[in-house]
Amino acid sequence: MAESASSPRRITAPAIAQRKGSASPIVMITAYDAPSARAVDDAGADVILVGDSVANVVLGYTDTLQVTIDDMAHHVGAVARTQPRALVVGDLPWLSYHVSIPDTVQNSARLVRAGAGAVKLEGGRKRLDSIRAILDAEIPVMGHLGLTPQSVHAFGGFKVQGRDLEAARAIVDDAVALAEAGCFAIVLECVPDAVARLVTDSVDVPTIGIGAGRHCDGQVLVFHDLLGLEERITPKFVRRYAELGTDARAALTAFAEDVRAGRFPSSDETYHAADTVADEIALYGRTGVTGSIAPEEQPGVGAGSQA
Ligand code: KIV
């Protein structure tokens with residue numbers, strides 16, 4: 001039975017906020033479509049992040065700056081329609097919260113109307129006005145500090161952040177400001193573990209790390225990275241729990257070989273006419289035949305059939 005957004009089974013942003021310092025770390029995994037969302041939810045994740053990493057891992061771009069609010073609403077909708085128990089967080093893409101406050105609130109609402117229970121945005125103190133306006137519209141906000149990929153050009157590349165004292169202090173001050181403004185959780189991406197520990201100890205909302213070491217209240221990885229769906233070079237913080245890309249290529253190659261060798265389809269994978277009809281077809285050809293296909297042989301009963 002479908003669950004409503006207010007179902008008590010569903011994990012909410014306030015419930016995630018309450019996990020600060022919990023013995024059970026928060027598990028967040030990205031997903032971008034219905035099958036990945038079902039898999040992540042079935043695995044018991046607390047949060048499904050519909051990340052703008054969809055740009056890299058699904059849409060073939062080399063950075064996240066190419067995705068729009070329309071793209072994000074499309075993917076949030078696909079995830080949310082699976083009615084997961086996990087909290088669905090929709091990532092606000094580049095320029096969706098940089099232009100004006102009304103724009104920011106409308107764009108956040110787009111993701112909520114698509115099914116998100118919260119939005120995430122990148123940046124520290126300079127984003128406080130945007131964060132306050134979104135919160136004022138009753139939409140929970142997740143912060144994101146450290147290596148914020150939408151700042152790739154400003155940073156001069158994808159580099160670990162907070163390596164020197166001044167930069168580390170700035171991240172801590174940003175985190176305190178985001179928490180005080182009302183963010184319910186903060187993602188820390190690619191910072192030294194000592195910095196992540198200091199941030200985690202300095203704020204009263206959960207930190208969720210990616211490439212930030214173990215001193216966080218939770219961890220997040222990208223679906224395609226942790227399943228080994230792609231051969232692309234991944235950063236050292238990615239642990240691949242499977243090699244599904246290799247498995248997929250082997251399966252697809254086996255299919256191609258079977259087709260070329262005449263091994264697919266087999267008799268069991270084929271609809272057969274009743275013997276008498278088959279005889280008539282063989283004798284007279286299709287145009288002369290009025291007989292019908294046996295009922296048990298009719299299409300539309302196979303798992304993948306749309307006939
Ligand atoms: O877009 C994304 O997947 C993210 C995670 C890396 C935190 O922002």
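A polar contact here is a pair of N or O atoms within 3.5 Å; within protein, one must be able to donate a hydrogen and the other to accept it, and residues adjacent in sequence count only if both atoms are side-chain atoms. The model is predicted, so local features need pLDDT of at least 70 and side-chain atom pairs count only at pLDDT 80 or more, while totals for chains, interfaces and linings use all residues. Residues are numbered from 1 along each chain as its sequence is written, and side-chain values use heavy atoms, with hydrogens and water left out.

**Stop 1: the ligand**

Select D52 with the ligand: an N or O atom of the D52 side chain is 3.0 Å from a ligand oxygen atom. Add S53, where a polar side-chain atom lies 2.5 Å from an oxygen atom of the ligand. Then add D91, whose side chain has an N or O atom 3.2 Å from a ligand oxygen. The ligand taken alone exposes 260 Å², and the protein buries 96% of that (accessible areas by the Shrake-Rupley method with a 1.4 Å probe; for residues, only the protein chains shown count as cover).

Widen the selection to the residues around the ligand, those with a heavy atom within 4 Å of it: T30, L49, G51, D52, S53, D91, K120, H144, V187, E189, I210 and V222. Coloured by class, this shell shows 4 nonpolar, 4 polar and 4 charged residues (Ala, Val, Leu, Ile, Met, Phe, Trp, Tyr, Cys and Pro are nonpolar; Asp, Glu, Lys and Arg charged; the others, Gly among them, polar).

**Stop 2: the barrel**

Switch to cartoon. Strands (E, at least two residues) and helices (H or I, at least four) are DSSP runs numbered from the N terminus, and two strands pair if DSSP finds at least two bridges between them. A closed barrel of 8 strands runs β1-β2-β3-β4-β5-β6-β7-β8 with parallel pairing. From one strand to the next the twist averages 25°, with axes fitted to C-alpha atoms, for helices over the stretch in contact, and angles from 0 to 180 degrees between N-to-C directions.

Select 141-146 and 185-189: these are β5 and β6, parallel and joined by 5 bridges. H144 stands opposite V187 of β6. Next, β1 (26-30) pairs with β8 (218-221) in the parallel sense over 4 bridges, and V27 faces Q219 of β8. Q219 is also the bridge partner of G209.

**Stop 3: two backbone details**

Go to F264 and P265, which are joined by a cis peptide bond with omega near 0°. P265 sits in the loop between α11 (244-260) and α12 (275-284). Finish at L95, not a glycine, yet with a positive phi of about 75°.
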